[in-house]
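User: Please take a close look at one charged pair in this model. Then carry on from there into the surrounding architecture, with definitions as you go.

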Amino acid sequence: MSNIQITENESGKYSPDWFYNEAQIPECISLAHKADELRENFINLFGVAKLKSLSGRELLTSLFYNDEGNKTNLCYMLEMDKSLHLFGGISGGSAYKFGLFYHKKTQNWTSGSPLKPILLTEDEAILKAKEIRDDLVKGAEIISSFGSLESLSDYERLYKQLEHISGINTVWRMKYYHLLFPTLLAPFYGQDIQLKVLHFLNQKPSDIPFIRMGQIALFIQKCNIPGIVFGHIYGKNVADLKDSDHSNTNVLSDEKHKKHYWMYTVFDDNSWNECYQKGFMVLGMDDIGDYSQYPSKEALRQELITVYDNSTSRKNQALMAWNFANTVAVNDVIFAKRSNTLVGKGIVTGGYVFDALRQEYKNVRAVKWLQVGEWEHPGNAVAKRLTDITPYTDYIEKLTSIFAPDELDDVDTQPEIDYPAYSSADFLSDVYMTEQDYETLVNILKMKKNIILQGAPGVGKTFTAKRLAYSIIGAKNPDRVQMIQFHQSYSYEDFIEGYRPTENGFTIKKGSFYKFCKLAEDDDENDYFFIIDEINRGNLSKIFGELFMLIEKDKRGIELQLLYSDENFSVPANVYIIGMMNTADRSLAMLDYALRRRFSFFTMKPGFNTLGFQAYQDSLGSDAFNKLIACVKQLNSKIAEDISLGEGFCIGHSYFCGLTPETTNAQTLSSIVEYELIPLLKEYWFDEPVKVIDWADRLRSAVK
């Protein structure tokens with residue numbers, strides 16, 4: 001954990017008094033008023049009384065994603081309505097998480113899970129909707145009638161009354177209950193964000209998401225401010241903190257835990273029988289107590305040496321204990337073995353627990369064991385008790401092929417992620433672009449589905465692309481955005497599919513764009529963005545192949561047979577392609593015309609004159625910086641007028657971004673001039689050295 005320590009009576013930064021004082025500024029007061037108005041409107045639309053009044057098809061279309069284009073339904077507003085992102089985002093996964101939705105592709109009301117969808121008639125869907133509505137109302141009535149919630153034990157007693165309600169801990173229900181009871185429940189719903197906030201507050205998180213909302217709410221009550229305001233202050237002041245050891249980071253991040261695969265060696269038959277019967281896995285070294293009390297792997301190692309002996313470094317044991325408590329996460333896959341025999345496969349479903357009441361193996365993680373039996377291990381197995389095998393993809397494929405895939409069909413353990421909201425206002429704050437240009441850019445992308453951001457070096461093309469995607473999604477959701485980079489060796493085989501060597505010959509491996517399209521196809525309610533950096537550096541005809549036609553807007557959904565697998569493939573309508581192209585690189589050929597007409601082109605210009613950059617420039621308070629920017633603007637005018645160059649070669653603003661008042665000094669500015677700008681001018685005017693000398697002198701003079 002970081003060196004931030006929050007205690008109940010602490011004064012100073014991050015104490016309840018500090019949060020209260022931060023909340024008194026006009027920005028936070030306005031935010032609280034806005035939240036009250038939005039909440040009142042939401043309750044008018046979807047409060048308990050309104051939900052009770054609904055029946056029949058009106059119940060379906062008022063609550064769930066449907067085929068009527070009705071965006072005033074409960075599920076859409078909780079997940080997609082940008083105004084309600086103020087209360088925390090719940091985007092991620094698919095519409096299956098709501099328990100019911102109308103699937104546009106199959107034209108059916110659908111429940112179940114992505115691996116095992118259940119198609120329903122409209123009458124069956126109405127019954128299912130009534131069941132979900134009744135559970136939602138029941139939970140709200142229990143919370144409303146419970147009374148005051150002033151301690152952790154109060155929340156635990158409340159949860160005892162709620163735990164029989166199906167899906168009570170799903171993020172969308174928790175967000176719904178927060179909107180109804182904003183002082184009782186905190187606006188943090190996903191596991192990752194809840195754990196990070198509680199670690200920041202120096203509290204041991206409950207294993208139950210609903211109770212974790214209560215734990216955070218208790219601290220917010222001490223601050224005497226609205227939960228939304230607390231979330232705003234926390235995100236603004238704490239989310240950007242960094243710790244030198246990223247494995248110990250305990251503050252907000254927009255990075256999501258990626259699924260890991262682990263090989264777990266069982267202790268003995270009795271221990272393994274208990275594990276699969278009770279649904280957990282265990283680790284020993286009980287004498288050092290709760291693993292989570294140690295702040296680092298090194299602290300764990302030193303304790304192991306002290307408690308046991310120093311005959312070995314204890315490095316491997318410390319790593320296992322650290323991973324068991326801190327790295328293994330919900331939805332990770334566990335392969336269990338005894339010696340060289342596989343005995344089971346499962347998925348992690350809960351957090352780390354030290355159970356002092358157990359006789360032995362007191363360190364426990366909840367696991368849903370999907371298959372139990374005996375299978376021959378492919379080759380020699382690793383000897384350690386717990387090993388992260390995620391990097392060994394071929395090994396994982398061999399292990400996965402041993403187990404029957406249909407055993408996963410009735411399990412849907414994908415954790416919901418509470419991604420940070422990201423709006424058009426956030427985009428305009430981060431990217432130095434005018435609001436009009438942003439709106440034009442969004443409209444072009446939505447109309448054409450394929451766009452290329454082109455411009456001179458330093459105008460922020462790569463920086464802009466991902467944030468453009470996030471602003472349309474409404475959240476920093478990395479699951480729905482993928483970035484690759486083209487180069488001269490990049491091929492169709494990397495992009496779509498191709499033969500790759502294996503131990504026994506060759507097999508067809510799918511490429512990055514193919515996999516991304518399949519991901520988007522399974523979640524057709526949401527938009528997905530595939531970003532290609534340096535798009536003009538690849539051999540585009542070879543890379544895209546038959547996809548030249550499939551990426552066109554009016555050809556989306558049309559299937560063609562792929563080159564190697566003879567599989568019929570289409571590009572889904574919810575996939576948007578964003579390419580980036582440097583207009584100043586004269587070594588590159590022009591884009592293939594067949595591809596060019598399938599993309600719209602948006603030229604990005606230096607943002608020195610935007611309000612955002614001017615505010616940034618003013619915040620630095622540096623005369624030397626101001627003189628340098630003024631000189632660069634004059635230089636850009638000359639470059640734009642030059643017949644051999646033009647606007648596509650102008651110097652962008654990103655060369656000068658990321659500075660602070662402390663770092664904006666003569667040395668920093670001189671480094672930018674000497675090692676970035678002057679070499680660029682030498683490349684531009686390689687046959688006109690007098691111009692290079694003239695402008696190099698002007699730039700140097702500006703920063704003296």
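Analyst: Start with arginine 700. Its relative accessible area is 32%, which makes it partly exposed (buried means under 20% relative accessible area, exposed over 50%, partly exposed in between, with a 1.4 Å probe and protein chains only). This is a predicted model, in which local features need pLDDT of at least 70 and side-chain atom pairs pLDDT 80 or more, while totals for chains, interfaces and linings use all residues. Residues are numbered from 1 along each chain as its sequence is written, and side-chain values use heavy atoms, leaving out hydrogens and water.

What does the side chain of arginine 700 meet in a salt bridge? The partner is glutamate 674, at 2.6 Å from N to O (a salt bridge is a side-chain nitrogen of Lys or Arg within 4 Å of a carboxyl oxygen of Asp or Glu). This pair links distant parts of the chain, with the two positions 26 residues apart in sequence numbering. Arginine 700 sits in helix 27, residues 689-702. Glutamate 674 sits in helix 26, residues 666-684 (helices are DSSP runs of H or I, at least four residues; strands are runs of E, at least two; both are numbered from the N terminus). Like its partner, glutamate 674 is partly exposed, at 29% relative accessible area.

Now the other charged pairs. The structure holds 29 salt bridges. One of them joins aspartate 134 and arginine 133, at 2.9 Å from N to O. Here the two ends fall into separate classes. Aspartate 134 is partly exposed, with a relative accessible area of 30%. Arginine 133 is buried, at 7%. Glutamate 534 and arginine 537 form another salt bridge, at 3.2 Å from N to O. On that pair's arginine side, arginine 537 is partly exposed, with a relative accessible area of 34%. Salt bridges also join up into a network, made of Glu497, Lys510, Lys518, Glu521 and Glu567.

Next, the helices. Helix 8 covers residues 171-180. How many of its 10 residues are buried? The count is 10 of the 10, so helix 8 is largely enclosed by the rest of the structure. Its buried residues include the charged-type names Arg173 and Lys175. Also buried there are Val171, Trp172, Met174, Tyr176, Tyr177, His178, Leu179 and Leu180.

Helix 10 is a partner of helix 8. Their axes come within 11 Å and cross at roughly 35° (axes are lines fitted to C-alpha atoms, for helices over the stretch in contact, and angles run from 0 to 180 degrees between N-to-C directions). On the helix 8 side, Met174, Tyr177 and His178 make the contacts. On the helix 10 side, they meet Pro209, Phe210 and Met213 (contact means heavy atoms within 4.5 Å).

Helix 10 also packs with helix 9. That angle is about 35°, and the axes lie 10 Å apart. Helix 9 brings Gln191, Gln194, Leu195, Val197 and Leu198 to the meeting. Helix 10 answers with Pro209, Arg212, Met213, Gln215 and Ile216. Pro209 and Met213 thus appear in the list for helix 8 and in the list for helix 9.

Between those two helices sits a backbone feature. Asparagine 202 lies in the loop between helix 9 (191-200) and helix 10 (209-223). Its phi is near 65°, a positive value in a residue other than glycine. At 36% relative accessibility, asparagine 202 is partly exposed.

Methionine 285 has a positive phi too, near 55°, and is not glycine. It is found in the loop between strand 5 (280-283) and helix 13 (297-307). Is methionine 285 buried or exposed? It is buried, with a relative accessible area of 14%.

Then the cysteines. The structure holds 0 disulfides (a disulfide is a pair of cysteine sulfur atoms within 2.5 Å). Cysteine 275 is buried, at 1% relative accessibility. Cysteine 657 is partly exposed, with a relative accessible area of 30%.

Finally, the whole. The protein has 27 helices and 18 strands. Of its 704 residues, 50% are buried. Take the contacts between residues at least 6 apart in sequence: 69% of them join residues at least 24 apart.
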